[in-house]
Amino acid sequence: MGIISNTSSEGVTSKLNKAITAILAISILFVSCIGETKAYAAETETAATAVTAQAEEKAETKQETAASTAATTTATKTAATTTAAKTTAAKKVTLKTPVFVGEAKYDSGATHPYNAQTSQLIVRYKAVKNAEKYQLYIKGGKYKKWTKIKTTADTKVKVKKLQRGTTYKFKVRAVSGSSKSEFSKTQKLSTAVMDYDVYGYQAICRIVFHEVGGMAGEMWDKPIVYVSDCVVNRFVAAKYTGKGVWASYYKRYNTVQDMIYLSGNFMSSYGLAADGAIYSRVPKRVKVAAYGALYNKTALNGIKNDSTVYYWCNRPYYSSDSRIAYSFKIPWGYFNVWREYWG
């Protein structure tokens, strides 16, 4: 009996062990299946992600291709537009010849480009239809031959860095692309020998009128011209060259009217008015002579101005200097002695 019992226990144990082994095998198989399932799922997810990435990459490629195509189209259109513009510009355009506008006239009919006119001039011309720009040329002073000084779309040009007391010539033509008009007629403009304004001009005219300008007859034209030269040259010598016996005295005055009205060597504005030398009474020939002196050019009856005349005074005695004109008052007016110019 005992042997049978033991044999039975061993059989049960063996069966139990087999059962446990089977269970473990099934568990292992189950776990393995789960692992494979997860791996499969991961692989599936990775594949799906790859497909999505490919789709996105294709979409981006399409967008880039579209953008590139649009840019190429825009560039092509721009190039076409530029080519068309160049073609249009290259076409010949008929341009009329520009016409200069004269300087503004002032009172006597002379021109007065007031303020800084010793170093600059304002050149004006009428606009030309279809003109894109204008080419302005200059000759005179340091410009020994015709020189293009400005290319501009403006019809009013300020030309700077010029020499005082100098006459310049100007010509202009209109430009559009490769098309150019004929050159305009030449315009002559002059810089003044000194800066002055309307009040300075009137002061010169008044003092010249007071001294000799009130005298009738052509015989007084030369004295009018040379007294005008005297006034202007004295101021120029003092202010611009530092020469002359009055330089140290006159250079303190900023304007020619101050030199005339305040220096004491001429007459005050009040004194001139008291003697009847008011601007409204100044005749045209005195105004023209004063203008000629300011620009050192012949203006009155072909009488050439003289930039070397500096003196005139109210003394009754004679001097050996031929440039000095002496004036002194006599009962019926002023008596003038001119050793060289008029006597």
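Q: Which residues of α2 meet α7 in this predicted model?
A: This is a predicted model, and in it helix α2 spans residues 198-213 while helix α7 spans residues 284-295. On the α7 side, the contact involves Arg285, Val286, Lys287, Val288, Ala290, Tyr291 and Leu294. The residues of α2 that meet them are Tyr201, Ile204, Cys205, Val208, Phe209 and Gly213.

Q: How many residues of the contact of α2 with α7 are nonpolar, polar and charged?
A: Lys and Arg count as charged, and Gly counts as polar. In α7, Arg285 and Lys287 take part in the contact, and Gly213 does so in α2. The division is therefore ten nonpolar, one polar and two charged.

Q: Are α2 and α7 parallel, antiparallel, perpendicular or oblique to each other?
A: Two packed helices are described by the angle between their axes and the distance between the axes. Here the angle is about 120°, and the axes are 9 Å apart. Roughly perpendicular covers 65 to 115 degrees and roughly antiparallel begins over 145, so an angle of about 120° falls in the remaining class. The two helices, α2 and α7, are therefore oblique.

Q: Is the crossing of α2 and α7 left-handed or right-handed?
A: The angle of about 120° does not by itself name the hand of the packing. For that, look at how α2 passes α7: the crossing is right-handed.

Q: Is Tyr279 buried or exposed?
A: Tyr279 sits in the loop between α6 (269-274) and α7. Its relative accessibility is 14%, and the cut-off for buried is under 20%. Tyr279 therefore counts as buried.

Q: Which residues does Tyr279 touch, leaving out those up to four places away in sequence?
A: Arg206 is 73 residues away along the chain from Tyr279, yet their C-alpha atoms are separated by 5.9 Å. Arg206 is one of the residues that Tyr279 touches. The full set is Tyr106, Asp107, Tyr201, Gln202, Cys205, Arg206 and Lys287.

Q: Which strand joins β8 by seven bridges?
A: Strand β8 covers residues 167-176, and eight of its ten residues are buried. On β10 (residues 187-190), β8 pairs over four antiparallel bridges, with Lys169 opposite Lys188. The strand sought also runs antiparallel to β8, and its Leu136 stands opposite Val172. With residues 133-140, that strand is β5.

Q: Which residue takes a positive phi in the hairpin of β8 and β9?
A: Two antiparallel bridges join β8 to strand β9 (residues 179-180), and Val175 has Lys180 as its bridge partner. The hairpin has two residues between its strands. The one with a positive phi, near 60°, is Gly177.

Q: Is Asn130 buried, partly exposed or exposed?
A: Asn130 is not a glycine, but it has a positive phi of about 75°. You can find Asn130 in the loop between β4 (121-125) and β5. Its relative accessibility is 47%, so Asn130 counts as partly exposed.

Q: Is Asn301 buried or exposed?
A: Asn301, in the loop between α7 and β11 (311-313), is another residue that has a positive phi without being a glycine, here of about 50°. Its relative accessible area is 57%, and exposed means over 50%. Asn301 is therefore exposed.

Notes. Residues numbered from 1 in each chain as written. Predicted model: local features only at pLDDT ≥ 70, side-chain atom pairs only at ≥ 80, totals over all residues. Heavy atoms only, no water. Axes fitted to C-alpha atoms, helices over the stretch in contact; angles between N-to-C directions. Parallel < 35°, antiparallel > 145°, perpendicular 65-115°, else oblique. Left-handed = near helix turned anticlockwise from the far one by under 90°. Contact = heavy atoms within 4.5 Å. Buried < 20%, exposed > 50% of the residue type's maximum accessible area, 1.4 Å probe, protein only. Pairing = 2+ DSSP bridges.
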